Amino acid sequence: MPFDANSGDLESALKPLWLRAQSGDEVAYRQCLGMLATRLRGYLRRRLAGVPDEVEDLVQETLLALHLQRGTYDPSLSVSAWAVAIARHKLVDLWRRRGRRDDLHDALDDVDEQLLVAEPDDGGAKRDLAVLLKGLPEAQRQAIVLTKLEGLSVAEAALRAGASESAIKVQVHRGLKRLAALVRRSGSDDAFVDRQPT
Amino acid sequence: MLARNAGPAPRALAAKRLCPAMAAGLLASGWAAIVWFGLIPWSLFGTPVPWTKMVYASALAAAAGWWVARLSRPAASVVHPRSVVIAVVLAMAAIGLVSWLSEPADRRLAALLGHSWLSCPPSVLVLSLPALAAALWAVQGLAPTRPRMAGFAAGLLAGSVGAIGYSLSCPEASAAFVAVWYSLGIVLTGVAGAILGSRVLRW
(Lines give C-alpha, C1' and ligand atoms only; values in the text may rest on other atoms or scores of the structure.)
Protein backbone atom coordinates (compact mmCIF):
# COMPACT_ATOMS: atom_id res chain seq x y z
CA MET A 1 0.00 0.00 0.00
CA PRO A 2 1.16 3.53 -0.71
CA PHE A 3 2.53 4.62 2.62
CA ASP A 4 6.29 4.33 2.36
CA ALA A 5 8.74 1.75 1.27
CA ASN A 6 9.13 0.83 4.94
CA SER A 7 5.44 0.59 5.71
CA GLY A 8 6.05 -3.00 6.73
CA ASP A 9 8.01 -1.70 9.69
CA LEU A 10 5.25 0.71 10.58
CA GLU A 11 2.66 -2.02 10.33
CA SER A 12 4.55 -4.45 12.55
CA ALA A 13 5.04 -1.72 15.18
CA LEU A 14 1.53 -0.38 14.88
CA LYS A 15 -0.60 -3.49 14.78
CA PRO A 16 -0.06 -4.87 18.31
CA LEU A 17 -0.43 -1.36 19.74
CA TRP A 18 -3.56 -0.76 17.72
CA LEU A 19 -5.15 -4.02 18.83
CA ARG A 20 -4.50 -3.02 22.43
CA ALA A 21 -5.94 0.42 21.70
CA GLN A 22 -9.04 -1.17 20.18
CA SER A 23 -9.69 -3.04 23.39
CA GLY A 24 -9.53 0.19 25.38
CA ASP A 25 -5.86 0.90 26.18
CA GLU A 26 -5.65 4.71 26.13
CA VAL A 27 -1.86 4.93 26.25
CA ALA A 28 -1.49 2.59 23.29
CA TYR A 29 -4.19 4.48 21.45
CA ARG A 30 -2.43 7.80 21.96
CA GLN A 31 0.83 6.32 20.69
CA CYS A 32 -0.93 4.90 17.64
CA LEU A 33 -2.53 8.21 16.77
CA GLY A 34 0.85 9.90 17.11
CA MET A 35 2.53 7.44 14.78
CA LEU A 36 -0.30 7.59 12.30
CA ALA A 37 -0.38 11.39 12.38
CA THR A 38 3.29 11.57 11.39
CA ARG A 39 2.87 9.16 8.51
CA LEU A 40 -0.39 10.66 7.34
CA ARG A 41 1.17 14.12 7.32
CA GLY A 42 3.87 12.85 4.99
CA TYR A 43 1.38 11.00 2.83
CA LEU A 44 -0.93 13.99 2.47
CA ARG A 45 1.86 16.52 2.04
CA ARG A 46 3.16 14.64 -0.97
CA ARG A 47 -0.29 14.70 -2.52
CA LEU A 48 -1.20 18.27 -1.62
CA ALA A 49 1.98 19.96 -2.85
CA GLY A 50 -0.10 22.69 -4.52
CA VAL A 51 -2.11 23.55 -1.41
CA PRO A 52 0.17 23.12 1.60
CA ASP A 53 -2.26 25.06 3.80
CA GLU A 54 -4.74 22.20 3.63
CA VAL A 55 -2.37 19.50 4.81
CA GLU A 56 -2.71 20.01 8.54
CA ASP A 57 -6.49 20.40 8.40
CA LEU A 58 -6.76 17.21 6.44
CA VAL A 59 -4.46 15.34 8.83
CA GLN A 60 -6.70 16.35 11.72
CA GLU A 61 -9.83 15.50 9.78
CA THR A 62 -8.42 12.08 8.95
CA LEU A 63 -7.45 11.42 12.57
CA LEU A 64 -10.92 12.38 13.68
CA ALA A 65 -12.43 10.04 11.09
CA LEU A 66 -10.10 7.25 12.21
CA HIS A 67 -11.32 7.81 15.73
CA LEU A 68 -15.01 7.94 14.87
CA GLN A 69 -14.79 4.98 12.52
CA ARG A 70 -12.49 2.74 14.48
CA GLY A 71 -15.41 0.36 14.85
CA THR A 72 -15.03 -0.40 11.14
CA TYR A 73 -11.49 -1.68 11.67
CA ASP A 74 -11.26 -5.44 11.54
CA PRO A 75 -8.26 -7.36 12.93
CA SER A 76 -7.84 -9.07 9.56
CA LEU A 77 -7.00 -5.72 7.96
CA SER A 78 -3.64 -3.98 7.90
CA VAL A 79 -3.88 -0.91 10.15
CA SER A 80 -1.87 1.25 7.78
CA ALA A 81 -3.88 0.18 4.73
CA TRP A 82 -7.07 0.92 6.63
CA ALA A 83 -5.77 4.35 7.69
CA VAL A 84 -4.57 5.16 4.17
CA ALA A 85 -7.95 4.19 2.71
CA ILE A 86 -9.59 6.68 5.07
CA ALA A 87 -6.99 9.36 4.32
CA ARG A 88 -7.47 8.86 0.59
CA HIS A 89 -11.21 9.14 1.01
CA LYS A 90 -10.75 12.45 2.84
CA LEU A 91 -8.32 13.60 0.16
CA VAL A 92 -10.75 12.83 -2.65
CA ASP A 93 -13.46 14.56 -0.68
CA LEU A 94 -11.29 17.66 -0.40
CA TRP A 95 -10.52 17.69 -4.12
CA ARG A 96 -14.18 17.29 -4.94
CA ARG A 97 -15.10 20.12 -2.59
CA ARG A 98 -12.40 22.41 -3.89
CA GLY A 99 -13.21 21.54 -7.46
CA ARG A 100 -16.84 22.40 -6.98
CA ARG A 101 -16.11 25.61 -5.11
CA ASP A 102 -13.49 26.69 -7.61
CA ASP A 103 -15.94 26.09 -10.44
CA LEU A 104 -18.60 28.19 -8.75
CA HIS A 105 -16.36 31.08 -7.85
CA ASP A 106 -14.08 31.10 -10.80
CA ALA A 107 -13.60 34.82 -11.32
CA LEU A 108 -13.51 35.81 -7.66
CA ASP A 109 -11.04 33.11 -6.82
CA ASP A 110 -8.70 34.30 -9.52
CA VAL A 111 -8.71 37.77 -8.03
CA ASP A 112 -8.26 36.41 -4.51
CA GLU A 113 -5.36 34.32 -5.53
CA GLN A 114 -3.54 37.25 -7.01
CA LEU A 115 -4.16 39.54 -4.08
CA LEU A 116 -3.79 37.19 -1.16
CA VAL A 117 -1.49 34.56 -2.47
CA ALA A 118 -0.09 32.57 0.43
CA GLU A 119 3.66 32.26 0.05
CA PRO A 120 4.61 28.69 0.67
CA ASP A 121 7.18 28.82 3.43
CA ASP A 122 10.21 27.23 1.88
CA GLY A 123 12.42 26.97 4.91
CA GLY A 124 14.94 24.69 3.27
CA ALA A 125 15.81 27.05 0.44
CA LYS A 126 16.06 30.02 2.83
CA ARG A 127 18.45 28.16 5.05
CA ASP A 128 20.63 27.08 2.16
CA LEU A 129 20.78 30.63 0.89
CA ALA A 130 21.74 31.98 4.31
CA VAL A 131 24.54 29.43 4.59
CA LEU A 132 25.82 30.30 1.12
CA LEU A 133 25.66 34.03 1.72
CA LYS A 134 27.76 33.62 4.84
CA GLY A 135 30.57 32.46 2.57
CA LEU A 136 30.73 35.88 0.87
CA PRO A 137 32.66 38.97 1.89
CA GLU A 138 30.50 41.60 3.59
CA ALA A 139 30.38 44.05 0.66
CA GLN A 140 29.31 41.42 -1.87
CA ARG A 141 26.73 39.96 0.50
CA GLN A 142 25.18 43.36 1.18
CA ALA A 143 25.02 44.21 -2.50
CA ILE A 144 23.30 40.91 -3.34
CA VAL A 145 20.84 41.12 -0.46
CA LEU A 146 19.83 44.66 -1.40
CA THR A 147 19.46 44.16 -5.13
CA LYS A 148 18.48 40.53 -5.49
CA LEU A 149 16.59 39.64 -2.29
CA GLU A 150 15.01 42.98 -1.31
CA GLY A 151 14.57 43.88 -4.94
CA LEU A 152 15.97 47.44 -4.84
CA SER A 153 17.28 49.13 -7.96
CA VAL A 154 21.02 49.65 -8.26
CA ALA A 155 20.59 53.37 -7.51
CA GLU A 156 18.55 52.70 -4.35
CA ALA A 157 20.99 50.04 -3.23
CA ALA A 158 23.88 52.43 -3.73
CA LEU A 159 22.12 54.99 -1.57
CA ARG A 160 21.42 52.44 1.17
CA ALA A 161 24.92 51.02 1.15
CA GLY A 162 26.63 54.39 0.86
CA ALA A 163 28.59 53.21 -2.18
CA SER A 164 28.69 54.23 -5.81
CA GLU A 165 26.40 52.56 -8.35
CA SER A 166 29.28 51.02 -10.23
CA ALA A 167 30.68 49.62 -6.99
CA ILE A 168 27.32 47.93 -6.29
CA LYS A 169 27.26 46.47 -9.79
CA VAL A 170 30.78 45.12 -9.43
CA GLN A 171 30.03 43.60 -6.01
CA VAL A 172 26.85 41.96 -7.26
CA HIS A 173 28.69 40.55 -10.24
CA ARG A 174 31.55 39.18 -8.16
CA GLY A 175 29.23 37.93 -5.45
CA LEU A 176 27.05 35.98 -7.82
CA LYS A 177 30.09 34.44 -9.45
CA ARG A 178 31.38 33.41 -6.07
CA LEU A 179 27.99 32.01 -5.03
CA ALA A 180 27.90 29.94 -8.18
CA ALA A 181 31.34 28.59 -7.37
CA LEU A 182 30.21 27.78 -3.81
CA VAL A 183 27.14 25.93 -5.05
CA ARG A 184 29.20 23.93 -7.53
CA ARG A 185 31.64 22.96 -4.83
CA SER A 186 29.02 22.09 -2.28
CA GLY A 187 27.28 19.98 -4.90
CA SER A 188 30.47 17.98 -5.49
CA ASP A 189 31.68 17.49 -1.94
CA ASP A 190 28.26 17.22 -0.34
CA ALA A 191 28.70 20.07 2.10
CA PHE A 192 24.92 20.19 2.57
CA VAL A 193 23.99 16.58 2.96
CA ASP A 194 23.09 17.23 6.59
CA ARG A 195 20.01 19.04 5.33
CA GLN A 196 16.86 17.66 6.87
CA PRO A 197 14.63 15.79 4.45
CA THR A 198 11.54 17.87 3.88
CA MET B 1 -6.95 14.58 22.72
CA LEU B 2 -8.96 11.90 20.99
CA ALA B 3 -7.41 9.11 23.01
CA ARG B 4 -8.72 10.40 26.33
CA ASN B 5 -11.55 8.25 27.68
CA ALA B 6 -11.83 6.63 24.27
CA GLY B 7 -12.74 3.27 25.72
CA PRO B 8 -12.79 0.12 23.65
CA ALA B 9 -13.75 0.40 20.00
CA PRO B 10 -17.30 -0.63 19.16
CA ARG B 11 -17.57 -4.14 17.73
CA ALA B 12 -19.57 -5.63 14.89
CA LEU B 13 -20.62 -2.13 13.94
CA ALA B 14 -21.82 -3.00 10.43
CA ALA B 15 -24.09 -5.79 11.66
CA LYS B 16 -25.42 -3.59 14.45
CA ARG B 17 -26.52 -0.95 11.99
CA LEU B 18 -27.52 -3.07 9.01
CA CYS B 19 -29.60 -5.72 10.77
CA PRO B 20 -32.15 -3.44 12.45
CA ALA B 21 -32.29 -1.29 9.32
CA MET B 22 -33.13 -4.30 7.18
CA ALA B 23 -35.63 -5.64 9.70
CA ALA B 24 -37.43 -2.29 9.53
CA GLY B 25 -37.23 -2.29 5.73
CA LEU B 26 -38.64 -5.81 5.55
CA LEU B 27 -41.58 -4.94 7.79
CA ALA B 28 -42.28 -1.81 5.76
CA SER B 29 -42.17 -3.57 2.40
CA GLY B 30 -44.28 -6.52 3.59
CA TRP B 31 -46.85 -4.20 5.13
CA ALA B 32 -46.98 -2.00 2.02
CA ALA B 33 -47.30 -5.02 -0.28
CA ILE B 34 -50.26 -6.39 1.68
CA VAL B 35 -51.97 -3.01 1.97
CA TRP B 36 -51.47 -1.94 -1.66
CA PHE B 37 -51.49 -5.14 -3.65
CA GLY B 38 -53.16 -7.56 -1.24
CA LEU B 39 -51.93 -10.93 -0.05
CA ILE B 40 -51.84 -13.88 -2.46
CA PRO B 41 -54.37 -16.64 -1.64
CA TRP B 42 -53.36 -18.75 1.36
CA SER B 43 -53.40 -21.90 -0.75
CA LEU B 44 -50.41 -20.64 -2.70
CA PHE B 45 -48.25 -20.79 0.45
CA GLY B 46 -48.51 -24.59 0.15
CA THR B 47 -46.85 -24.36 -3.29
CA PRO B 48 -43.35 -23.18 -4.22
CA VAL B 49 -44.78 -19.95 -5.71
CA PRO B 50 -43.84 -17.51 -2.93
CA TRP B 51 -40.99 -19.61 -1.56
CA THR B 52 -38.87 -19.62 -4.74
CA LYS B 53 -38.90 -15.85 -4.65
CA MET B 54 -38.26 -15.65 -0.93
CA VAL B 55 -35.34 -18.07 -1.01
CA TYR B 56 -33.81 -16.26 -3.98
CA ALA B 57 -34.32 -12.82 -2.49
CA SER B 58 -33.08 -13.90 0.94
CA ALA B 59 -29.94 -15.44 -0.52
CA LEU B 60 -29.31 -12.31 -2.53
CA ALA B 61 -30.01 -10.13 0.51
CA ALA B 62 -27.49 -12.10 2.57
CA ALA B 63 -24.82 -11.85 -0.13
CA ALA B 64 -25.48 -8.17 -0.78
CA GLY B 65 -25.49 -7.49 2.96
CA TRP B 66 -22.07 -9.08 3.24
CA TRP B 67 -20.89 -7.01 0.28
CA VAL B 68 -22.24 -3.77 1.80
CA ALA B 69 -20.60 -4.55 5.13
CA ARG B 70 -17.25 -5.01 3.38
CA LEU B 71 -17.69 -1.84 1.33
CA SER B 72 -18.44 0.09 4.52
CA ARG B 73 -15.07 -0.88 5.91
CA PRO B 74 -12.04 0.91 4.48
CA ALA B 75 -9.46 -1.30 2.79
CA ALA B 76 -11.47 -4.50 3.30
CA SER B 77 -11.47 -6.92 0.38
CA VAL B 78 -14.78 -7.14 -1.50
CA VAL B 79 -13.80 -9.89 -3.93
CA HIS B 80 -15.56 -12.78 -2.19
CA PRO B 81 -18.90 -11.13 -1.38
CA ARG B 82 -19.08 -9.70 -4.90
CA SER B 83 -18.53 -13.12 -6.41
CA VAL B 84 -21.23 -14.56 -4.16
CA VAL B 85 -23.71 -11.87 -5.25
CA ILE B 86 -22.98 -12.63 -8.90
CA ALA B 87 -23.18 -16.37 -8.22
CA VAL B 88 -26.63 -16.05 -6.60
CA VAL B 89 -27.98 -14.06 -9.56
CA LEU B 90 -26.45 -16.50 -12.06
CA ALA B 91 -27.81 -19.50 -10.15
CA MET B 92 -31.33 -18.06 -10.28
CA ALA B 93 -30.82 -17.31 -13.98
CA ALA B 94 -29.77 -20.92 -14.57
CA ILE B 95 -32.78 -22.27 -12.67
CA GLY B 96 -35.03 -19.91 -14.62
CA LEU B 97 -33.48 -20.97 -17.93
CA VAL B 98 -33.89 -24.67 -17.18
CA SER B 99 -37.52 -24.29 -16.14
CA TRP B 100 -38.17 -22.09 -19.16
CA LEU B 101 -36.67 -24.65 -21.57
CA SER B 102 -38.71 -27.40 -19.96
CA GLU B 103 -41.91 -25.55 -20.87
CA PRO B 104 -43.55 -26.50 -24.16
CA ALA B 105 -42.56 -24.04 -26.89
CA ASP B 106 -45.98 -22.42 -27.26
CA ARG B 107 -46.16 -21.55 -23.56
CA ARG B 108 -42.66 -20.13 -23.24
CA LEU B 109 -43.61 -16.52 -23.88
CA ALA B 110 -46.40 -16.70 -21.31
CA ALA B 111 -44.04 -18.27 -18.78
CA LEU B 112 -41.53 -15.52 -19.28
CA LEU B 113 -43.93 -12.58 -19.23
CA GLY B 114 -46.60 -13.85 -16.84
CA HIS B 115 -49.46 -11.37 -16.30
CA SER B 116 -47.38 -8.73 -14.62
CA TRP B 117 -43.95 -8.48 -16.21
CA LEU B 118 -44.39 -4.77 -16.75
CA SER B 119 -45.48 -3.96 -13.23
CA CYS B 120 -43.16 -6.33 -11.35
CA PRO B 121 -39.84 -4.43 -11.53
CA PRO B 122 -41.34 -1.04 -10.60
CA SER B 123 -43.31 -2.66 -7.77
CA VAL B 124 -40.14 -4.21 -6.38
CA LEU B 125 -38.42 -0.84 -6.69
CA VAL B 126 -41.19 1.04 -4.90
CA LEU B 127 -41.50 -1.55 -2.13
CA SER B 128 -37.73 -1.34 -1.67
CA LEU B 129 -37.67 2.38 -1.02
CA PRO B 130 -38.07 2.20 2.79
CA ALA B 131 -35.37 -0.48 2.93
CA LEU B 132 -33.19 1.62 0.63
CA ALA B 133 -33.48 4.63 2.91
CA ALA B 134 -32.69 2.45 5.92
CA ALA B 135 -29.74 0.79 4.20
CA LEU B 136 -28.25 4.11 3.11
CA TRP B 137 -28.70 5.42 6.64
CA ALA B 138 -26.89 2.37 8.00
CA VAL B 139 -24.02 2.63 5.53
CA GLN B 140 -23.72 6.38 5.94
CA GLY B 141 -22.86 5.89 9.61
CA LEU B 142 -20.07 3.49 8.65
CA ALA B 143 -17.10 4.33 6.48
CA PRO B 144 -17.74 3.64 2.77
CA THR B 145 -14.70 4.80 0.83
CA ARG B 146 -16.36 4.06 -2.52
CA PRO B 147 -19.74 5.77 -2.14
CA ARG B 148 -21.22 4.85 -5.50
CA MET B 149 -20.32 1.18 -5.23
CA ALA B 150 -21.51 1.07 -1.62
CA GLY B 151 -24.77 2.72 -2.71
CA PHE B 152 -25.21 0.11 -5.43
CA ALA B 153 -24.65 -2.77 -3.00
CA ALA B 154 -27.00 -1.15 -0.48
CA GLY B 155 -29.55 -0.87 -3.28
CA LEU B 156 -29.21 -4.57 -4.11
CA LEU B 157 -29.71 -5.38 -0.45
CA ALA B 158 -32.76 -3.12 -0.23
CA GLY B 159 -34.10 -4.46 -3.54
CA SER B 160 -33.86 -8.02 -2.26
CA VAL B 161 -35.70 -7.03 0.90
CA GLY B 162 -38.36 -5.30 -1.18
CA ALA B 163 -38.63 -8.42 -3.35
CA ILE B 164 -39.32 -10.53 -0.26
CA GLY B 165 -42.15 -8.14 0.55
CA TYR B 166 -43.48 -8.21 -3.00
CA SER B 167 -43.44 -12.01 -3.06
CA LEU B 168 -46.32 -11.85 -0.54
CA SER B 169 -48.58 -10.40 -3.21
CA CYS B 170 -47.17 -11.73 -6.48
CA PRO B 171 -48.96 -14.78 -7.89
CA GLU B 172 -46.51 -15.49 -10.73
CA ALA B 173 -45.42 -19.11 -10.65
CA SER B 174 -42.65 -19.35 -13.25
CA ALA B 175 -39.01 -19.45 -12.16
CA ALA B 176 -38.03 -17.74 -15.41
CA PHE B 177 -40.28 -14.83 -14.45
CA VAL B 178 -38.53 -14.51 -11.10
CA ALA B 179 -35.07 -14.80 -12.63
CA VAL B 180 -35.73 -11.99 -15.10
CA TRP B 181 -38.19 -9.52 -13.61
CA TYR B 182 -37.36 -9.80 -9.92
CA SER B 183 -33.68 -9.51 -10.75
CA LEU B 184 -34.43 -6.48 -12.90
CA GLY B 185 -36.36 -4.82 -10.08
CA ILE B 186 -33.56 -5.53 -7.64
CA VAL B 187 -30.91 -4.17 -10.02
CA LEU B 188 -33.05 -1.06 -10.60
CA THR B 189 -33.01 -0.48 -6.86
CA GLY B 190 -29.26 -1.00 -6.96
CA VAL B 191 -28.92 1.69 -9.61
CA ALA B 192 -31.08 4.03 -7.53
CA GLY B 193 -28.81 3.28 -4.59
CA ALA B 194 -25.71 4.04 -6.66
CA ILE B 195 -27.12 7.39 -7.79
CA LEU B 196 -28.12 8.33 -4.26
CA GLY B 197 -24.99 6.83 -2.74
CA SER B 198 -22.58 9.17 -4.44
CA ARG B 199 -24.49 12.09 -2.90
CA VAL B 200 -25.68 10.76 0.42
CA LEU B 201 -22.83 8.56 1.58
CA ARG B 202 -20.44 11.25 2.74
CA TRP B 203 -18.68 11.24 6.05
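**Exercise 1.** Which word describes how α7(A) and α8(A) lie to each other: parallel or oblique?

*Solution.* The model is predicted.

Step 1. Two packed helices are described by the angle between their axes and by the distance between those axes.

Step 2. Identify the two elements: helix α7 of chain A covers residues 138–149, and helix α8 of chain A covers residues 154–161. Their axes come within 9 Å and cross at roughly 135°.

Step 3. Compare the angle with the cut-offs: over 145 degrees counts as roughly antiparallel, and 65 to 115 as roughly perpendicular. The crossing falls in neither range, and therefore α7(A) and α8(A) are oblique to each other.

Step 4. Add the handedness: the crossing of α7(A) and α8(A) is right-handed.

Step 5. List the residues that meet. On the α7(A) side they are Q142(A), A143(A), L146(A) and T147(A). On the α8(A) side they are V154(A), A157(A), R160(A) and A161(A).

**Exercise 2.** Describe helix α2 of chain A, and find which residues are buried in α2(A).

*Solution.*

Step 1. Take the extent of the helix: α2(A) runs over residues 26–47, which is 22 residues.

Step 2. Check the span. From first C-alpha to last, α2(A) reaches 31 Å, close to the 32 Å expected at 1.5 Å a residue.

Step 3. Pick out the buried residues of α2(A): Y29(A), C32(A), L33(A), L36(A), L40(A), Y43(A) and L44(A).

Step 4. Look down the axis of α2(A): the buried residues fall within an arc of 100°, so they line one face of the helix. As background, an α-helix has 3.6 residues a turn, so residues three or four places apart point the same way.

Step 5. Turn to the face of α2(A) directed away from the buried side, which carries the exposed residues V27(A), G34(A), T38(A) and R46(A).

**Exercise 3.** Set out the make-up of chain A and of chain B, starting with how many helices and strands chain A has.

*Solution.*

Step 1. Count the elements. Chain A has nine helices and zero strands, while chain B has seven helices and zero strands.

Step 2. Write the order from the N terminus. Chain A reads α-α-α-α-α-α-α-α-α, and chain B reads α-α-α-α-α-α-α.

Step 3. Give the buried share: 22% of the 198 residues in chain A and 51% of the 203 residues in chain B.

Step 4. Consider contacts between residues at least 6 apart in sequence. In chain A, 57% of these join residues at least 24 apart. In chain B, residues 24 or more positions apart account for 88% of the contacts with a separation of 6 or more.

How values were computed: Residues are numbered from 1 along each chain as its sequence is written. Chains are lettered from A and ligands numbered from 1 in the order in which they are written. This is a predicted model: local features need pLDDT of at least 70, side-chain atom pairs count only at pLDDT 80 or more; totals for chains, interfaces and linings use all residues. Helices (H or I, at least four residues) and strands (E, at least two) are DSSP runs, numbered from the N terminus. The expected span of a helix is 1.5 Å times one less than its number of residues. A residue is buried if 20 or more other C-beta atoms lie within 10 Å of its own, exposed if 12 or fewer, and partly exposed in between; C-beta atoms are placed from the backbone. The arc is that of the directions from the helix axis to the C-beta atoms. Axes are lines fitted to C-alpha atoms, for helices over the stretch in contact, and angles run from 0 to 180 degrees between N-to-C directions. Angles under 35 degrees count as roughly parallel, over 145 as roughly antiparallel, 65 to 115 as roughly perpendicular and the rest as oblique. A crossing is left-handed if the near helix is turned anticlockwise from the far one by less than a right angle, and right-handed if clockwise. Two residues are in contact if their C-beta atoms, placed from the backbone, lie within 7 Å.
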